[in-house]
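The exercises below are to be worked through with the sequence and the coordinates at hand. Each task is followed by a solution that goes step by step.

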Amino acid sequence: MQIQIAKQKQKNKKRNMGFTEKQEALVNSSFESFKQNPGYSVLFYTIILEKAPAAKGMFSFLKDSAGVQDSPKLQAHAGKVFGMVRDSAAQLRATGGVVLGDATLGAIHIQNGVVDPHFVVVKEALLKTIKESSGDKWSEELSTAWEVAYDALATAIKKAMS
């Protein structure tokens, strides 16, 4: 157990040493791959609902649908989520931190009943979607870059929720 804790601390220390130019480039290029195919937005929400079916009611564009169906609102929301993570990567690189551009995000998340476990589900869905959209460009380094950027964004949203 102590070894696992030490390894996790080492991994976290390594991750927090500063977001690199390469990590930002990895996030940017894979974000572009994501944007190329609207089907990745559907995949993202499908993964979320597989993990947390009750979350369906949190998304206005899914509430009254039989399942995850492509729509302009679904694509726009997915694009916003992935774009905010990409923007977080840029902020991390430039300033070492993330500040929300939209001050209402905390209130919106509270209003929709978002709690900590939802952030974990979204992170898993985001990483699986990026893995799929990246194809043979997927790597542990790419995954870590997205994880660090997402975690920083999630922390900023949670702070705005408190």
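A pocket, as the word is used here, is an open set of grid points where a 1.4 Å probe fits, with protein on both sides within 12 Å along at least five of seven lines. The structure is a predicted model.

**Exercise 1. The fold**

Task: Establish how many helices and strands the protein chain has, and what share of its residues is buried.

Solution: Begin with the secondary structure, where the protein chain shows seven helices and zero strands, so that, by the DSSP runs used to define them, the pattern read along the sequence is α-α-α-α-α-α-α. Turn next to burial, which accounts for 40% of the 162 residues. Finally, consider the contacts between residues at least 6 apart in sequence, of which 73% join residues at least 24 apart.

**Exercise 2. The largest pocket**

Task: Describe the volume of the largest pocket and the residues that line the largest pocket.

Solution: The volume comes to about 600 Å³. The lining consists of 26 residues, and those nearest the centre of the pocket are Phe59, His77, Val81, His109 and Val114. Sorting the lining by class gives 20 nonpolar, five polar and one charged residues. As for where the lining comes from, at least two residues each are supplied by H3 (39–51), H4 (72–95), H5 (105–111), H6 (116–134) and H7 (140–161).

**Exercise 3. The buried face of helix H2**

Task: Work out which residues of H2 are buried and what covers them.

Solution: Helix H2 runs over residues 21–35, and its 15 residues reach 21 Å from the first C-alpha to the last, close to the 21 Å expected at 1.5 Å a residue. Its buried residues are Gln23, Glu24, Leu26, Val27, Ser30, Phe31 and Phe34. Seen down the axis of H2, these buried residues fall within an arc of 155°, and therefore they line one face of the helix. The spacing can be understood from the helix itself, because an α-helix has 3.6 residues a turn and residues three or four places apart point the same way. The cover over the buried residues of H2 includes H3, H4, H6 and H7.

**Exercise 4. Leucine 49**

Task: Decide whether leucine 49 is buried or exposed, and find its contacts beyond four places in sequence.

Solution: Leucine 49 is located in helix H3. Its relative accessibility is 14%, so leucine 49 counts as buried, the cut-off being under 20%. Once neighbours within four places in sequence are left aside, leucine 49 is in contact with Ala55, Lys56, Leu62 and Val68. As a last step, compare positions along the chain with positions in space: leucine 49 and alanine 125 are 76 residues apart along the chain, while their C-alpha atoms are separated by 9.4 Å.

Note on methods. Residues are numbered from 1 along each chain as its sequence is written. This is a predicted model: local features need pLDDT of at least 70, side-chain atom pairs count only at pLDDT 80 or more; totals for chains, interfaces and linings use all residues. Side-chain values use heavy atoms; hydrogens and water are left out. On a 1 Å grid over the protein atoms alone, a cavity is a set of points where a 1.4 Å probe fits but cannot get out, and a pocket is an open set with protein on both sides within 12 Å along at least five of seven lines; lining residues have an atom within 4 Å of a point. Grid points are joined across faces, edges and corners, and a volume is the space filled by probe spheres set on the points. Helices (H or I, at least four residues) and strands (E, at least two) are DSSP runs, numbered from the N terminus. Ala, Val, Leu, Ile, Met, Phe, Trp, Tyr, Cys and Pro count as nonpolar, Asp, Glu, Lys and Arg as charged, and the others, Gly among them, as polar. The expected span of a helix is 1.5 Å times one less than its number of residues. Buried means under 20% relative accessible area, exposed over 50%, partly exposed in between (1.4 Å probe, protein chains only). The arc is that of the directions from the helix axis to the C-beta atoms. Contact means heavy atoms within 4.5 Å.
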